[in-house]
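This report describes the fold of one protein chain, beginning with its overall composition and ending with its internal cavities. Please consult the sequence and the structure alongside the text.

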Amino acid sequence: MNTIYARLDRLGDLPVFSATVNHIRQISSAGDTDAMALAIAVMKDANLTTKLLRLANSNHYNRGSGKITAISRAVVLIGFERIRNLCMTLKLIESFGEKEPNRHVEDLLVSAVLNASTARDLALSAGIDDVEETYICGLLFSLGEIVVAFTLPDTYRAMLEQRKQRLLSWVNIQQQTLGGEFVTLGRDLIQSWGFSKRVVSSLRTGEPQPGVSEQERLNQQIVSGCHQLFEQVYQRSPQLEGNEYTEQLKLMSALTRQPAEKLEETLHYSVRQLCDHIDQYGLSHRALIPPVSASGNESLDELSRKVSFYVHARQEQQSSKKYQEDAYSVEQQKRLAEYNQLQLKYLEKMNELMTGQAPTTQVLLTCVEGIEASSSLERVVFCLSVNAGQQLVAKLLEGEQLDPLMSYFQLNRTDKNSRLFFHIMDRGVALLVSDASDPSWQNRLPDDYLHSVRPGGLIVSPLIVSGKVLGLLYADKTDVAGPVEDRDFRVFNQFLVQCRIALEMGKHFSTDLTKKA
């Protein structure tokens with residue numbers, strides 16, 4: 001243990017126990033904390049923020065709530081305790097999985113997360129009050145083994161070789177090599193790192209200590225029981241007795257008041273759930289595949305077979321998806337190159353129009369065509385301001401599915417549903433809505449506009465030339481195509497600026513644009 005502590009000291013403070021994460025733990029535990037306070041603490045770590053938002057937008061956590069782009073929204077959606085535990089999980093993986101990549105460490109991290117999520121699910125059935133604390137206990141149960149594999153990799157590999165020989169139990173190998181058990185080392189570490197007494201006491205095998213509460217006893221038995229079950233499923237300890245798995249399953253069934261079949265379903269579900277999050281956690285599916293071999297226990301072999309088949313299928317699915325994404329990426333790069341060429345072509349056209357005293361309509365039409373051709377924006381329209389700014393009328397359109405735009409953009413200032421677009425024109429500022437399906441925008445955009453035009457994302461800006469408002473330039477993507485990209489906004493702005501310069505240089509923008517259009 002002294003050697004391990006010395007190695008940890010040389011490696012420096014582990015990020016999982018850094019000031020940021022400890023601050024997150026303290027804030028999320030305080031009774032009067034609001035979502036913004038916790039969000040601010042999380043956002044101090046850019047890497048943690050990015051990964052947390054990816055998880056918050058996964059199907060497991062975000063069920064039809066629109067894309068989550070703010071940590072404060074993620075806190076409200078997922079909950080304080082779950083956010084705290086996700087932070088702990090992500091930082092544990094970052095601490096041990098990224099500093100010095102090691103296959104054994106990565107496999108142990110996968111096992112730790114699997115143990116944590118299963119223990120939390122079973123804690124609900126067992127009647128444990130604080131199931132999120134159970135998650136932390138399950139996550140840290142194998143901390144001692146992770147630290148040994150991380151700090152003493154050669155020693156750990158030698159221990160694994162000993163275990164393969166099946167001459168000694170795994171506990172005996174730990175005692176013989178280290179002078180103690182992994183769980184003792186883990187308990188000593190988390191106690192020195194300031195975790196609560198309840199969490200520290202849960203890191204124990206065998207009978208609970210005397211004097212602990214019923215909740216603490218249940219917590220310890222659930223956490224260590226889950227660990228033992230997965231030891232059997234993944235055959236990480238020698239099968240010294242044929243009925244070891246059955247006895248452990250029976251014990252856990254009594255604790256959770258679930259039949260053995262239901263308990264095995266929970267184990268399988270936990271594996272499936274972790275498969276969903278593997279990519280966000282930055283881990284490999286490999287460690288979730290149990291060996292399929294005859295253990296002498298029919299029930300154990302059947303569960304191992306099911307889990308192995310499922311994880312292999314998910315691996316193949318991910319490989320296929322990655323291949324498709326790579327192919328799409330190549331196609332996307334090709335399309336981007338085409339966009340860039342078209343953008344250059346249309347900007348050169350705009351430059352020619354600046355010096356050629358071109359009619360207003362031609363300048364505007366080139367602008368509209370250029371935006372549509374050189375970006376992923378699908379529909380572009382120029383709306384002319386008429387009747388002293390009392391009406392907006394669609395005049396120049398480019399793209400597909402234009403009928404809804406032509407029908408909608410016949411707007412009157414007196415119509416309260418049209419106020420947004422007249423407000424944009426009056427204020428002289430642009431509006432970018434990257435994702436119109438976001439609930440916050442669904443509540444602010446006019447209902448008749450959303451239902452008839454059905455935008456995925458949109459950009460609107462007034463066209464002001466020499467202080468005179470000519471109208472609005474509008475571009476969007478349909479709801480099928482999805483959100484507006486950053487590049488789309490840059491292209492839109494570039495053409496808008498070039499259009500305004502061309503018209504100002506011409507100093508003759510038509511007053512009879514209605515007729516010419």
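The sections below treat the whole chain, the sheet, the helices packed on the sheet, three helical regions and a cavity.

## Overall composition

The model is predicted. The protein chain contains 24 helices and 6 strands. Of its 517 residues, 51% are buried. The accessible surface of the chain amounts to about 24,300 Å², and carbon and sulfur atoms account for 49% of that area.

Contacts across the sequence can also be summarised. Among contacts between residues at least 6 apart in sequence, 64% join residues at least 24 apart.

## The sheet

How are the strands of the open sheet ordered? The order of the 6 strands is β3-β2-β1-β6-β5-β4, and the pairing is antiparallel. The edge strands are β3 (410-412) and β4 (431-433), each of which pairs on one side only. From one strand to the next, the twist averages 20 degrees.

On the side of β3, this edge strand pairs with β2 (residues 391-399) in the antiparallel sense over 3 bridges. Leu 392 has Leu 411 of β3 as its bridge partner. Leu 392 of β2 also stands opposite Ser 385.

## Strand β1 and its neighbours

Strand β1 joins β2 through 8 bridges, and the two strands run antiparallel. One position in this pairing is Arg 379, which stands opposite Gly 399 in β2. The two strands form a hairpin with 4 residues between them, and Asn 387 in the turn has a positive phi of about 55 degrees. With β6, strand β1 shares 6 bridges, again in an antiparallel arrangement. Here Leu 384 stands opposite Gly 471 of β6.

Is β1 mostly covered or mostly exposed? The strand is mostly covered, with 8 of its 8 residues buried. In a regular strand, side chains alternate between the two faces of the sheet. In β1, Arg 379, Val 381, Cys 383 and Ser 385 point one way, while Val 380, Phe 382, Leu 384 and Val 386 point the other way. The residues of both sets are buried, including the Arg 379 that stands opposite Gly 399 and the Leu 384 that stands opposite Gly 471.

## Helices on the sheet

Helix α18 (residues 360-373) packs on the sheet and touches β1 (379-386), β2, β5 (455-465) and β6 (468-478). The direction of α18 makes about 55 degrees with that of β2.

Helix α20 (residues 419-427) lies across β1, β2, β3, β4, β5 and β6. Its direction is at about 130 degrees to β6.

## Buried helices α8 and α9

Helix α8 (residues 131-140) is mostly covered, and 10 of its 10 residues are buried. The buried residues of α8 include Glu 132, Glu 133, Tyr 135 and Cys 137.

Why is helix α9 (residues 143-151) described as largely enclosed by the rest of the structure? The description applies because 9 of the 9 residues of α9 are buried. Among them are Leu 143, Glu 145, Val 147 and Phe 150.

## The surroundings of Ile 78

Ile 78 belongs to helix α5 (residues 71-78). Its relative accessible area is 15%, and the residue is therefore buried, the cut-off being under 20%. Leaving aside residues up to four places away in sequence, Ile 78 touches Ala 56, Tyr 61, Ile 83 and Leu 86. Ala 56 lies 22 residues from Ile 78 in sequence, and their C-alpha atoms are 7.5 Å apart.

## Cavities

How many cavities of 30 Å³ or more does a search of the whole structure find? The search finds 3. The second largest cavity holds about 100 Å³ of space.

Residues lining the second largest cavity include Tyr 61 and Leu 86, both of which Ile 78 touches. Tyr 135 also belongs to this lining, and Tyr 135 is one of the buried residues of α8. Helices α6 (80-97), α7 (103-126) and α16 (260-281) each supply at least two residues of the lining. The largest share, 4 residues, comes from α16. Other lining residues include Arg 82, Asn 85, Arg 120 and His 277.

Conventions: Residues are numbered from 1 along each chain as its sequence is written. This is a predicted model: local features need pLDDT of at least 70, side-chain atom pairs count only at pLDDT 80 or more; totals for chains, interfaces and linings use all residues. Side-chain values use heavy atoms; hydrogens and water are left out. Two strands pair if DSSP finds at least two bridges between them. Axes are lines fitted to C-alpha atoms, for helices over the stretch in contact, and angles run from 0 to 180 degrees between N-to-C directions. Contact means heavy atoms within 4.5 Å. Buried means under 20% relative accessible area, exposed over 50%, partly exposed in between (1.4 Å probe, protein chains only). Accessible areas come from the Shrake-Rupley method with a 1.4 Å probe; for residues, only the protein chains shown count as cover. On a 1 Å grid over the protein atoms alone, a cavity is a set of points where a 1.4 Å probe fits but cannot get out, and a pocket is an open set with protein on both sides within 12 Å along at least five of seven lines; lining residues have an atom within 4 Å of a point. Grid points are joined across faces, edges and corners, and a volume is the space filled by probe spheres set on the points.
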